[in-house]
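Open the model in your viewer and keep the selection tool ready. Each stop below tells you what to pick and what to look for there.

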Amino acid sequence: MLGRRGRRIVLATGVAGAVAIMPSIPAAAAVPAAAIPATASVLTAGSVSARADAVQASQQWVLDMLDVQAAWKLTEGAGVTVAVIDSGVYPNVSDLKGSVVPGHDFTGLNTPSSSSHWGEHGTWMASIIAGHGHDGGVDGITGIAPKAKILSIRVIPDRDDPGYKAYDSEAEQRIQQSLADGILAAVRGGARVISMSIGYSAPSGAVRAALQYAAQQGAVLIASSGNSGHDLQRSDENLAPVSFPAEYPGVLSVGALDSSGKAAGFSSSNLSVKVAAPGVKVPAQGRDGMYWTVDGTSPACALVAGVAALIVSKYPRLSPAVVLQALTTTARNGRPHAYNVRTGFGTVDAAAALLAAGQLMTVRPAGSQVASSARFGGGPAAVPAPPVPPRGVGALVLFTMLAFISLVLAGGAVLVLRAARSPRGGSSGSHAAGYRSTNGNGPGHRADRGRGPGYRPGEGYAVPGTEQGAPHDRG
């Protein structure tokens with residue numbers, strides 16, 4: 001995991017520091033001072049070549065902490081391709097020769113792979129994952145899965161890459177798209193494990209979709225949790241800012257430990273952290289042929305990716321989710337099932353994870369106590385009879401005829417009523433026969449059409465003795 005100003009997080013050797021420990025070539029050809037990061041220091045005398053077994057001795061504590069040698073009795077990672085999505089992996093170093101498959105470069109830069117500043121960080125990570133040593137394996141770095149293949153996918157440049165300034169000025173969307181493209185290329189290249197020792201401070205829909213696709217295709221996703229343990233701009237008193245892709249669902253986020261097994265001070269503490277692995281002074285081979293110790297959650301991620309490769313090699317049919325389950329449920333944390341934001345569920349245990357994976361491989365879903373032929377609620381036999389028996393065709397015909405007769409009778413009644421209400425012998429505009437006028441002697445206007453004397457609003461009738469024509473209408 002490497003740092004960047006602002007939103008994007010890429011290579012920052014000031015945090016993920018690298019320290020040269022010994023040359024694999026004569027002192028006269030040792031790495032020039034300009035290739036050593038400003039924060040690093042050389043640990044060996046520059047005029048003395050290293051002993052043949054010194055590098056392997058320096059990494060023994062890493063192998064012991066992860067219990068790797070017990071796991072090697074079952075598998076060394078043969079048949080698995082691990083995609084290293086990083087700054088590129090130089091294929092010609094002694095401890096990776098024959099194990100690296102060149103992949104696509106998505107940076108858009110013209111830096112050739114022959115440049116001494118191409119693939120520095122990526123080569124370190126690849127040697128930690130799949131270094132096989134040299135001279136028959138007795139010298140050099142032995143990675144966690146020494147028989148695995150490495151697929152080099154370049155999506156970021158190193159800080160001292162000649163094209164880094166141009167890359168750093170790219171739009172955020174363009175930078176994240178290169179990561180998404182790299183993930184898809186890793187899947188097309190047959191990678192079963194994808195190691196991402198990189199990070200971004202903002203999420204991306206394109207990256208998330210690519211990761212989901214990779215998981216669906218059977219790739220185990222591993223990422224560094226970040227080196228913001230000392231970041232002053234924390235979102236919470238005890239939590240460091242999250243890092244992507246470690247924060248995405250389905251990705252195993254890895255924190256860093258020192259040689260005593262304690263969380264490294266720089267390792268990010270947040271709820272994305274799932275497991276931890278060594279991340280302080282972890283030996284690695286650089287693209288210059290030199291051996292270095294590297295600090296950060298970057299090497300921790302690479303180590304866990306190597307363990308994942310061992311599991312996939314031994315049990316290739318396991319799904320990514322089950323592989324991650326084997327890694328997390330067997331991690332050592334001092335207390336069973338304990339969790340903390342710095343080391344997750346604990347230190348990865350390669351041997352225990354392999355054992356758990358084997359057990360998960362044989363697990364079969366428990367048989368149901370209900371027969372497959374059973375139906376919910378007892379099926380059709382348990383359905384009670386309807387309270388009213390269904391009517392047959394005869395009843396339907398009868399009810400149809402009754403409805404028709406009812407309609408005929410109703411129509412006849414309407415015609416009779418209309419005939420009774422029609423005028424008889426009256427002239428046009430006259431009222432119905434027998435209706436009296438206000439003087440009681442013939443046709444006239446209805447008494448209730450106007451409001452005559454004695455009418456009380458709201459009563460609806462005339463007061464006796466006050467309405468016009470009342471003496472003639474009574475009796």
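**Stop 1: strand β7 and its partners**

Select Asp86 and Arg154: Asp86 stands opposite Arg154 in β7. Bear in mind that this is a predicted model. Now show the two strands around that pair. β3 and β7 run parallel and are paired over 6 bridges.

Next, add β4. β4 and β7 also pair in the parallel sense, here over 4 bridges. To find a matched pair, pick Pro102, which stands opposite Ser152 in β7.

How many of the 6 residues of β7 are buried? The count is 5, so β7 is largely enclosed by the rest of the structure.

**Stop 2: the loop before β4**

Select Ser99. Ser99 lies in the loop between β3 and β4. Is Ser99 buried or exposed? Its relative accessibility is 7%, so Ser99 counts as buried; the cut-off for buried is under 20%.

Show what surrounds Ser99. Leaving out residues up to four places away in sequence, Ser99 touches His132, Ala148, Lys149 and Ile150.

**Stop 3: the whole sheet**

Select β4, β7, β3, β8, β10, β11 and β12, in that order. They form an open sheet of 7 strands, and the pairing is parallel. Which strands stand at the edges? They are β4 (100-105) and β12 (273-278). Each has a single partner strand, so one side of each is left without a neighbour in the sheet. Turn the view to look along the sheet. On average, neighbouring strands are turned by 25 degrees against each other, direction ignored.

**Stop 4: strand β10**

Move to β10, residues 220-224. β10 is mostly covered, with 5 of its 5 residues buried. Show the side chains. Val220, Ile222 and Ser224 point one way from the strand. Leu221 and Ala223 point the other way.

Now look at the strands beside β10. β8 runs parallel to β10, and 4 bridges join the two. Pick Ile194, which stands opposite Leu221 in β10. β11 (residues 251-257) pairs with β10 in the parallel sense, also over 4 bridges. For Ser224, the bridge partner in β11 is Val254.

**Stop 5: helices on the sheet**

Keep the sheet visible and add helix α4, residues 120-130. α4 packs on the sheet and touches β3 (81-86), β7 (149-154) and β8 (193-196). The direction of α4 makes about 155 degrees with that of β3.

Then add helix α7, residues 205-216. α7 also packs on the sheet. Its contacts there are with β8, β10 and β11. Against β10, the direction of α7 makes about 135 degrees.

**Stop 6: helix α8**

Select residues 297-314, which make up helix α8. Place a distance label between its end C-alpha atoms: they are 26 Å apart. Why does that agree with expectation? At 1.5 Å a residue, the 18 residues should span 26 Å. The expected span is 1.5 Å times one less than the number of residues.

Colour α8 by burial. 17 of its 18 residues are buried, so α8 is largely enclosed by the rest of the structure.

Now pick Lys314, which is also in α8. Lys314 is partly exposed, with a relative accessible area of 35%. Leu74 is 240 residues away from Lys314 along the chain, yet their C-alpha atoms are separated by 7.4 Å. Beyond residues up to four places away in sequence, Lys314 touches Leu74, Thr75 and Leu354.

**Stop 7: α8 against α9**

Add helix α9, residues 320-329. α8 and α9 pack at an angle of about 120 degrees, with their axes 10 Å apart. The two helices are therefore oblique to each other. Their crossing is right-handed.

Show the side chains at the contact. From α8 come Val304, Val307, Ala308, Ile311 and Val312. From α9 come Val323, Ala326 and Leu327. An α-helix has 3.6 residues a turn, so residues three or four places apart point the same way.

**Last stop: zoom out**

Show the full protein chain. There are 12 helices and 14 strands in it. Of its 475 residues, 46% are buried. Finally, consider the contacts with a separation of 6 or more. Residues 24 or more positions apart account for 75% of them.

Definitions and conventions
Residues numbered from 1 in each chain as written. Predicted model: local features only at pLDDT ≥ 70, side-chain atom pairs only at ≥ 80, totals over all residues. Heavy atoms only, no water. Buried < 20%, exposed > 50% of the residue type's maximum accessible area, 1.4 Å probe, protein only. Pairing = 2+ DSSP bridges. Axes fitted to C-alpha atoms, helices over the stretch in contact; angles between N-to-C directions. Contact = heavy atoms within 4.5 Å. Parallel < 35°, antiparallel > 145°, perpendicular 65-115°, else oblique. Left-handed = near helix turned anticlockwise from the far one by under 90°.
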